[in-house]
Amino acid sequence: MPRVTYIQADGQAQEINLEAGSSLMQGAVDNMIDGIVAECGGSCSCATCHCYIDADWVDKIEPAGEMETDLLDCVSEPKDNSRLSCQIKVTDSLDGLVVHLPATQF
Amino acid sequence: MAAKSRCIIIGASHAAAQLAPTLRQQGWTGSISMISNEYSLPYHRPPLSKDYLAGAKNAEQILIRPAAVYNKCGVGITMGVTAATIDRRNKQLQLEDGMTMDYDKLVLTTGARVRKIDIPGVDLDGVFYLRDLNDAQQIKLSTGANKRAVIIGGGYIGLETASALRKLGMQVTVLEAMPRILQRVTAPEVAAFYARIHKEEGVEIVADVQAISISGDKQVESVQCHNGTEYKADLVIIGVGVIPNTALAEQAGLTIDNGIVVDEYARTSDENILAAGDCTSHYNPIYQRHLRLESVQNALDQATVAASTICGNLKPYSALPWFWSDQYDLKLQIAGLSQGYTDVVVRGDIEGSRSFAAFYMREGKLLAVDAVNRPQDFMVGKRLILQGNQIDPGQLADDNLPLKTLLAS
Ligand code: FES
């Protein structure tokens, strides 16, 4: 089970074991991690599952698709390492991943 | 708050799945019970007419949260039971199986049910409505490549279903009673766009036609229309809208007006009974009128407000409604409500391409946006609606001008 650390905007961290094959978004929702809203349930429509991938991990994750990139352009405080967590599949190779959550999803 | 306080949530809906854990997060220490007349944990309903039907997701994959979350939050879930009556004076809920439960706070998240049509043959095998997981499961069993499906109703549900069934290789006909599909919800330009796409994808859309009977021996064989036409069918799906589930609230004497009336804190006319989601009618400060919405956004946001209210932390509900619809490779995102629009401004090639945005305007201001494969226009559109400024239609229509530049800083 890959272990992922979610870090809130205020620095509070939660380490969670995720089911391989589920998404970073679902992992957050299943563990009631504040800061991921995920209104559309992962269909890449709402951009309320925005997160920042820790710099050490950015290269190890498949790049965003066109739809995701367009949505990311419009989130509040987009950065180079911005991603929609519903579009990232958790795999064993992501064991140890660290993601940072934005202060707001709106 | 007394540790022994009891909160009962009726309906295992999207709102319920949001409400129960949020209550805990907000500090509710009493008991939480969820009563549902279905046999599944709360699930995402939108995929039923999309990924679930097309086979891309199974029942487990559409659950909103796994069972473990409810356990962790100490939420007791009773499935397959219908709530019968509410005794407000004694703060008691009676279940249909005769059981009685005491409550301190009761939340109605009863959702909506399908509008039924009354024509001969609707009870034949192979004729379905689509609202819950059970419906979708039954429909799936009747699908198959090259089989013929007739869909009655050219709204979003009907069209999404058409798209999913095409993916499965079925021959699909959509019958719409109004002069065009999506009549109540979109501008003629947008409806024409969807009519074109469905045609390109091989779906036959027939508007202005009323289905008057369905025939077959035991299993459905065909659908007859008012003008004498007939369509062969192995499967018929009826999608002609939904009605809010208000019977329980009505019986309890709560105020009902096209849904259970709630205030901006999700409270019904009884302060100990709250309601959230499709079953409610609430005042929206952005559009300055009462709304009954059929949307995930509303269910989530209103449930969050209800949780805060129950925990004594009053936060008024004020959100811009938004919706989405996936058909084929088209991702439609809708921000705002278009009712009352006087002009439509189109950005992009709506007649030839598969990507555009339609802006619904009134008195120079933006009311709503339909964006197809244009997430940026949707996202910026949301903000433009909320800003409420006068917008130059020429600039909106100019596809070379990034929409962002129209935002007031
Ligand atoms: S959950 Fe909606 S875009 Fe990720």
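Visitor: Among contacts in chain A between residues at least 6 apart in sequence, what share join residues at least 24 apart?
Guide: The model is predicted. Chain A holds 2 helices and 5 strands, which follow one another as β-β-α-β-α-β-β. For contacts in chain A between residues at least 6 apart in sequence, the share that joins residues at least 24 apart is 65%.

Visitor: What radius of gyration does chain A have, and why does chain A count as compact?
Guide: Along the principal axes, the C-alpha atoms of chain A fill a box of roughly 30 × 25 × 25 Å. The globule rule gives 13 Å for 106 residues, and the value for chain A is close to that, so chain A is as compact as a globular protein of that length. The radius of gyration is 12 Å.

Visitor: What percentage of the residues in chain A are buried?
Guide: A residue counts as buried when its relative accessible area is under 20%. The accessible surface of chain A is about 4,800 Å², with 46% of it belonging to carbon and sulfur atoms. Of the 106 residues in chain A, the buried ones make up 54%.

Visitor: Is strand β1 of chain A mostly covered or mostly uncovered, and how many of its residues are buried?
Guide: Strand β1 of chain A runs over residues 3-7 and is mostly covered. Out of 5 residues, the number buried is 4.

Visitor: Which residue of β2(A) stands opposite A:Y6?
Guide: Strand β2 of chain A covers residues 13-17 and pairs with β1(A) in the antiparallel sense over 5 bridges. The hairpin of these strands has 5 residues between them, and A:G11 takes a positive phi near 95° there. Opposite A:Y6 in β2(A) stands A:Q14.

Visitor: Which residue of β5(A) stands opposite A:I7?
Guide: β1(A) also pairs with strand β5 of chain A, residues 98-100. This pairing is parallel and has 3 bridges. The residue opposite A:I7 is A:H100.

Visitor: Is B:Y103 buried or exposed?
Guide: B:Y103 lies in the loop between β6 (100-102) and β7 (105-108) of chain B. Leaving aside neighbours within four places in sequence, its contacts include B:R6, B:I86, B:L93 and B:I273. Its relative accessibility is 1%, and the limit for this class is under 20%. B:Y103 therefore counts as buried.

Visitor: How many residues apart in sequence are B:D104 and B:R6?
Guide: The side chains of B:D104 and B:R6 meet in a salt bridge, at 3.3 Å from N to O. B:D104 is in the loop between β6 and β7 of chain B, while B:R6 belongs to strand β1 (residues 6-10) of chain B. B:R6 counts as partly exposed, at 32% relative accessibility. The pair links distant parts of the chain, and the separation of B:D104 and B:R6 in sequence is 98 residues.

Visitor: What N to O distance does the salt bridge of B:D125 and B:K218 have?
Guide: B:D125 is in the loop between β8 (112-114) and β9 (127-129) of chain B, and B:K218 is in the loop between β13 (211-216) and β14 (220-225), 93 residues apart. B:D125 counts as partly exposed at 35% relative accessibility, whereas B:K218 counts as exposed at 58%. Their side chains meet in a salt bridge with an N to O distance of 2.8 Å.

Visitor: How many salt bridges are found over all chains?
Guide: One of them joins the side chains of B:R292 and B:E294 at 3.3 Å, N to O. A network of salt bridges links B:R196, B:E200, B:E201, B:D329 and B:R354. Over all chains, the search of the whole structure finds 21.

Visitor: Which strands stand at the edges of the open sheet of 5 strands in chain B?
Guide: The order of this sheet is β22-β23-β26-β25-β24, with antiparallel pairing. Each edge strand has a single partner strand, so one side of each is left without a neighbour in the sheet. The edge strands are β22 (322-327) and β24 (343-347) of chain B.

Visitor: Which helix packs on the sheet that holds β26(B)?
Guide: In this sheet, β25 (residues 356-362) and β26 (residues 365-372) of chain B run antiparallel and are joined by 7 bridges. The bridge partner of B:A358 in β26(B) is B:D370. The helix touches β22, β23 (330-336), β24, β25 and β26 of chain B, and its direction makes about 165° with that of β26(B). It is helix α9 (residues 375-387) of chain B.

Conventions
Residues are numbered from 1 along each chain as its sequence is written. Chains are lettered from A and ligands numbered from 1 in the order in which they are written. This is a predicted model: local features need pLDDT of at least 70, side-chain atom pairs count only at pLDDT 80 or more; totals for chains, interfaces and linings use all residues. Side-chain values use heavy atoms; hydrogens and water are left out. Buried means under 20% relative accessible area, exposed over 50%, partly exposed in between (1.4 Å probe, protein chains only). Two strands pair if DSSP finds at least two bridges between them. Contact means heavy atoms within 4.5 Å. Axes are lines fitted to C-alpha atoms, for helices over the stretch in contact, and angles run from 0 to 180 degrees between N-to-C directions. A salt bridge is a side-chain nitrogen of Lys or Arg within 4 Å of a carboxyl oxygen of Asp or Glu. The radius of gyration is taken over C-alpha atoms; the globule rule is 2.2 Å times the number of residues to the power 0.38. Accessible areas come from the Shrake-Rupley method with a 1.4 Å probe; for residues, only the protein chains shown count as cover.
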